[in-house]
Structure formats: C-alpha cells, structure tokens
Amino acid sequence: MENKLLEKLDGLSSKFEEISTLITDPSVIADTKRFIKLNKEYSDLEKIIAKRNEYSSMLHNLQEANTILATERDEELRELARQEVDSISKKLEPLEDEIKLLLVPADPQDGKNAIVEIRGGTGGDEAAIFAGDLFKMYTKFCESKGWKTEVTSFTEGTMGGYKEIIFTVSGTNVYGVLKYESGVHRVQRVPATESQGRVHTSAATVAVLPEAEEFDIELKESDIRTDIFCASGHGGQSVNTTDSAVRITHIPTGIVVTNQDGKSQHKNKEAAMKVLKARLYEIQEEERLAKETSERKSQVGTGDRSGRIRTYNFPQNRISDHRINLTLYRLDAIMAAGLFDEIIEPLIAHYQAEAISDADL
C-alpha cells in the first residue's frame, strides 16, 4: 500500500514541477482561461506535495527506527526506537487517509458559489409552506457558515411560504457542500390548514446549481431578449412606480428568468443573468458528465431532482436521509437552528469514502 501510494505521489511531483514552469510562461499567462485553470491545479497539487514530503519523511524515520530495533543491542536506544515506531504508527494511517482524499479528483465546481432553487411540489398550500421552511433552514445554516445569501426571485404561496424561491449563496466551498441537497424533500406533518389533525405528506424539490464564472459560459447578445416591466407584489399591486422588473429569455434554449426583487433595473438584470448562466452551465455540465458516466459511478451534485433524498417527519421529530440510511430524532433543532452539519457531514464522509474506493487508492 505504501509503495503504491508513494508511486502515485512521485508521479504527481513531476506534474507539479511541470505546472510550476508553465505558469511562468508568458504565452500561458496571456491565455487567461488556461492560466486560471493551471493556477488552480498548481494550488491543489501544492497541498498534495506537502503531504507527500511529510509522508516520505515519516516512512524514512519508521524504517530507521525498525533498523535500530533489528540491529542495536543498547536497550536505551531500542526503547527510543520503540517509542518512535509507536508514535509514527499512530500518525501513519490518518495521514494516508488524508492523502488518499487529496488524490481523489476534485469536482471542479466545488469551490463555486451556488444558486439554490426551491419549489413546492405535491401537496398544494402545505408544499409551499414547507418550501418556505426549507428556505429558512438553509438561510440559518448559511449564516452559521459565514456565507452570504441573496434572494433572486420568489413567488409566494397563498397560505404562506413559497411556490418557488431562488437565491444565491456566496462563500467558501459553497457548492461543494450544498450540492447534496438536490432532489425531492418529503414532509410528513399535520398542516396548518388541516382541521381534523390528520398527518399529510407533501414535498418540495430543491435544485442546487454551481454559479457560472466569467469564462464558463459565453453568451451572445443576439441570443438574449430582455423585457422590462413594472414589478408587482401581493394581489398584483405595483411595488413601485418604475419599470424595474426584468425578464430575460435565452432564445436558443427557451429558458426564461425573471427577477423583480430589487428596485434597480440594472441589479435585477444582473441577478437574472446569474441564474440564466447557471442553468446554461448546468446543461453544459450534464452533457459533459453524460460522456464520462462510465468513468464515474457517483453522480452526486448533478442536479437530479427526481429522487426522494430526505423525509422530515414532524410528529416523530425525525429526519431521515435515504441515501445513507441516516435517521436523527432532532428535526426540531435542525430546522430551528440550522444545525445542518449533523446531516451534511455524514453525507460528505460517505461520498468521499465511495470516491476513494472508486479510485482504487
């Protein structure tokens, strides 16, 4: 195992040196897209090489200590060598696990910001109320992470909550965490609208998209149609007297994005363009992943919204994630305080272990 791991690491050392030279090449620096990509690769490899050096040094010290135990007769030196072997042995396996995780090809989208779309599904008014509850839960979770949330657009439900709400989350490694939320979220509880106290089952769908960066999507002005209109609020009443709401249509795909959350036409258009680019980027990524399916068993984070991923059972105070058979009886605390790490961390650990297994490390 050690030789196999070192062999992989030594191969990456050569690649690291090659990239170190490339990012100083004027022709590469002039190619902005390539330069950004190589810099990201350099940064990722730099972490691996640092761990490789630590690992190699540890193996060298272990070999020396074992040699002393095999050849030295001085009991004091042998005791020191035994302590060294014990100390290194305890550190070696955790370091190997850390290195294996670093060696798993990272999802290039993980470091991006995310656009989250929540829609009420089956269940009518109760589904919209649940969509609102999910939005509150995610907002609190994002606050606990120090991430910034900004609502792009929403349509309120008749009895509260949202028929649809779209918001952007900005921060460190946002998509890498939130991508696991894409899918169908089912709720079981007595709706506020239920007079006889019967438990109903409703659902909301969540889609998490990586926010497209400047070089990810190229949009032609000729492919975009922009319509400006007066924003409206409850009951269709005008929110303000200026035409600030923006509707953007991507002509080739027919995708339509509307935003009227802000009072500035410019800001509304900018927010709508972010959502449009994210949706186009999702289509582009799905096409890319379809070609790589045979090489990648786990399609986590590709925006599959058809599968039921989680159930929120309020009468039993139970939340169950069906992908990893995780059940917690702390639904009230998780929903109220945004303690979502209790769900997210086991999910991430599960898929990381699966990725290491797939990579045969």
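This is a short talk through one predicted protein model, from the whole chain down to a few residues.

Okay, some housekeeping. Residues are numbered from 1 along each chain as its sequence is written, and side-chain values use heavy atoms, with hydrogens and water left out. Since we have a predicted model, local features need pLDDT of at least 70 and side-chain atom pairs count only at pLDDT 80 or more, while totals for chains, interfaces and linings use all residues.

Let's start with the whole chain. It has nine helices and eleven strands; those are DSSP runs, helices being H or I with at least four residues and strands being E with at least two, numbered from the N terminus. There are 361 residues, and 40% of them count as buried. Buried here is under 20% relative accessible area, exposed is over 50%, and partly exposed is in between, using a 1.4 Å probe and protein chains only. As for contacts, meaning heavy atoms within 4.5 Å, take the ones with a separation of 6 or more: residues 24 or more positions apart account for 61% of those.

Now, the inside. A nonpolar core is a set of buried Ala, Val, Leu, Ile, Met, Phe, Trp, Tyr and Cys residues joined through side-chain atoms within 4.5 Å. The largest one has 39 residues, and Ile118, Leu134, Tyr312 and Phe340 have the most contacts inside it. Which helix gives the most to this core? That's H5, with eight residues. Other elements supplying at least two residues each include strand S1, strand S3 (162-170) and helix H9 (341-358).

Have a look at Tyr312 while you're there. Not counting residues up to four places away in sequence, Tyr312 touches a long list, including Phe130, Leu134, Met137, His185, Arg318, Met335 and Phe340. Apart from that core lies another, of 24 residues, with Val28, Tyr55, Ala81 and Leu92 among them.

Next, the holes. A cavity is a set of points on a 1 Å grid over the protein atoms alone where a 1.4 Å probe fits but cannot get out, and lining residues have an atom within 4 Å of a point. Grid points are joined across faces, edges and corners, and the volume is the space filled by probe spheres set on the points. We get two cavities of 30 Å³ or more, and the second largest has a volume of about 30 Å³. Its lining is Val116, Tyr138, Phe167, Leu178, Glu181, Val206 and Val208. That divides into six nonpolar, no polar and one charged.

Finally, a few single residues. Ser13 sits in helix H1 (residues 2-22), and Ser13 counts as buried because its relative accessibility is 16%. Beyond its neighbours within four places in sequence, Ser13 is in contact with Ile49 and Arg52. Lys15 is in helix H1 too, but at 37% relative accessibility Lys15 counts as partly exposed. With sequence neighbours up to four places away set aside, Lys15 touches Glu41 and Leu45. The C-alpha atoms of Lys15 and Leu45 are 8.5 Å apart, with their positions 30 residues apart along the chain.

What about Gln109, buried or exposed? Gln109 lies in the loop between helix H4 (75-103) and strand S1 (114-120), and its 5% relative accessibility makes it buried. Its side chain makes a polar contact with the side chain of Tyr281, at 2.5 Å. A polar contact is a pair of N or O atoms within 3.5 Å; within protein, one must be able to donate a hydrogen and the other to accept it, and residues adjacent in sequence count only if both atoms are side-chain atoms.

Notes: On a 1 Å grid over the protein atoms alone, a cavity is a set of points where a 1.4 Å probe fits but cannot get out, and a pocket is an open set with protein on both sides within 12 Å along at least five of seven lines; lining residues have an atom within 4 Å of a point. Ala, Val, Leu, Ile, Met, Phe, Trp, Tyr, Cys and Pro count as nonpolar, Asp, Glu, Lys and Arg as charged, and the others, Gly among them, as polar.
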